[in-house]
Amino acid sequence: MSFSGPYFVLAIIAMSTLGWMFTTWVRARHGYPVENEWTGTVDRTDADAGRKIDLLSNENEKLVGRISRLEERIAVLERIATDPATRTARDIDALR
């Protein structure tokens, strides 16, 4: 391989360009500010971001509560399924 030929210089330019394109794509995809050649950086702006975060937080709280209730119900069902029949019958009679 000749390091003094024009193909080597073109290969370096192509690798640099592809690397720059890949890092810009990754940064834009994940919400990081993208560098602009003339004005510095370009940020992703979303006017409803705060509202969306509040809605997602509320929904998350509701879902966490629902999951905890389901875990309690599953624990009761597991206890019923694994306990001997006599103990379950005794517990039911105690509730009456």
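**Exercise 1. List the helices and strands of the chain, then give their order.**

Step 1. Apply the rule: helices (H or I, at least four residues) and strands (E, at least two) are DSSP runs, numbered from the N terminus.
Step 2. Count them: the chain has three helices and two strands.
Step 3. Read from the N terminus: the order is α-β-β-α-α.

This is a predicted model, where local features need pLDDT of at least 70 and side-chain atom pairs count only at pLDDT 80 or more, while totals for chains, interfaces and linings use all residues. Residues are numbered from 1 along each chain as its sequence is written, and side-chain values use heavy atoms, with hydrogens and water left out.

**Exercise 2. Compare the expected span of helix 1 with the distance between its end C-alpha atoms.**

Step 1. Locate the helix: helix 1 covers residues 6-29.
Step 2. Use the formula: the expected span is 1.5 Å times one less than the number of residues.
Step 3. Insert the values: helix 1 has 24 residues, so it should span 34 Å.
Step 4. Check: the end C-alpha atoms are 35 Å apart, which agrees.
Step 5. Look just past the helix: G31 has a positive phi of about 85°.

**Exercise 3. Find the aromatic pair and classify it.**

Step 1. Take the rule: rings of Phe, Tyr and Trp (its six-membered ring) pair if their centres lie within 6.5 Å; planes under 30 degrees apart are stacked, over 60 edge-to-face, and the rest tilted.
Step 2. Count: the rule gives one aromatic pair.
Step 3. Classify: F22 and W25 lie 6.1 Å centre to centre with 40° between the planes, a tilted pair.
Step 4. Place the pair: F22 and W25 are three residues apart in helix 1, so about one helical turn separates them.
Step 5. Judge accessibility (buried is under 20% relative accessible area, exposed over 50%, partly exposed in between; 1.4 Å probe, protein chains only). F22 is exposed at 51%, and W25 is partly exposed at 48%.

**Exercise 4. Identify the residues of the salt bridge and state how exposed R96 and D93 are.**

Step 1. Recall the idea: side chains of opposite charge can pair when their charged atoms come close.
Step 2. Set the cut-off: a side-chain nitrogen of Lys or Arg must be within 4 Å of a carboxyl oxygen of Asp or Glu.
Step 3. Search: the structure holds one salt bridge. The side chains of R96 and D93 form it, at 3.8 Å from N to O.
Step 4. Add accessibility: R96 is exposed, at 76%, while D93 is partly exposed, at 48%.
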